[in-house]
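Open the model in your viewer and keep the sequence panel visible. The stops below go one selection at a time.

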Amino acid sequence: MAEHSKKACSCKGKAKKNCTINRRQFLFASGATAFTVMVTVRSGKGHAEQVPALVSTYPRKHIGKLSEMHQDVPVEFSYPDEGDYSTSILVKTGVECGGGVGQQRDLVAFNMTCTHQGGDMYESYKPEHKVLGPCPLHLSTYDLTRHGILVSGQAYQSLPQVLLELDGDDIYAVGMFGLIYGRYDNLAS
Ligand code: FES
């Protein structure tokens with residue numbers, strides 16, 4: 001667990017001993033990164049003053065090796081944390097995809113929770129059409145070659161796409177495009 005931060009915490013005396021982990025420490029512990037910037041705000045008396053604001057960013061997470069990927073065999077991972085609705089798949093589709101990485105730009109990753117009402121699309125990848133779905137609840141189906149756009153069913157939002165980075169043979173998840181079902185902020189599970 002991260003050490004108690006005197007700077008970040010305003011607890012005093014005995015209360016300090018009972019201080020629980022703060023948001024900054026939580027973000028580091030969960031793999032997300034955070035840093036502080038100074039922003040200018042107006043006080044109630046109209047004076048401008050500088051206050052610290054915490055900015056969090058997506059973690060860079062190693063999720064696999066290119067040499068170990070087989071076409072149309074998805075690999076599961078969690079991103080951006082291990083919290084609710086974070087299960088995602090990494091798949092080498094064999095065809096060029098929007099946001100794909102690799103020589104053929106055919107390696108993509110998506111969150112696996114349906115954006116409609118949170119249906120779990122576990123093992124629903126269809127290699128013949130490069131889609132995820134149909135969702136077991138109301139049949140939404142998403143095209144993995146076109147940024148997870150909805151192709152049929154009840155949902156009205158695309159599937160969140162995990163942004164990838166390739167460093168030699170190593171595949172990293174580095175961000176997300178789209179909001180994960182059930183969250184108001186992808187970095188707050
Ligand atoms: S929850 Fe997936 S289509 Fe409704």
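Begin with the open sheet of 4 strands, ordered E7-E8-E9-E10. Its pairing is antiparallel. Select residues 125-126 and then 149-152: these are E7 and E10, the edge strands, and each pairs on one side only.

Stay at the E7 edge. Add residues 131-132, strand E8, which pairs with E7 in the antiparallel sense over 2 bridges. Now pick out Tyr 125. Which residue of E8 is its bridge partner? Leu 132 is.

Before moving on, colour by pLDDT. This is a predicted model, and the chain averages a pLDDT of 84. A score of at least 70 is reached by 75% of the residues. Select residues 1-30 next. Here pLDDT stays under 50. The model has 26 contacts beyond four places in sequence for this stretch. Where pLDDT is low, the predicted coordinates should not be read in detail.

Next comes the open sheet of 6 strands. Follow the order E3-E12-E11-E6-E5-E4; the pairing is antiparallel. Select 61-65 for E3 and 75-78 for E4. Why is one side of each left without a neighbour in the sheet? Both stand at the edges with a single partner strand, so there is no neighbouring strand on the other side. Look across this sheet of 6 strands: the twist averages 35° from one strand to the next.

Finish inside the same order, at E5 and E6. Select residues 87-92 and 107-111. These two strands run antiparallel and are joined by 5 bridges. Show the side chain of Val 91: the residue opposite, in E6, is Val 108.

Technical notes:
Residues numbered from 1 in each chain as written. Predicted model: local features only at pLDDT ≥ 70, side-chain atom pairs only at ≥ 80, totals over all residues. Pairing = 2+ DSSP bridges. pLDDT = per-residue confidence, 0-100. Contact = placed C-beta atoms within 7 Å. Axes fitted to C-alpha atoms, helices over the stretch in contact; angles between N-to-C directions.
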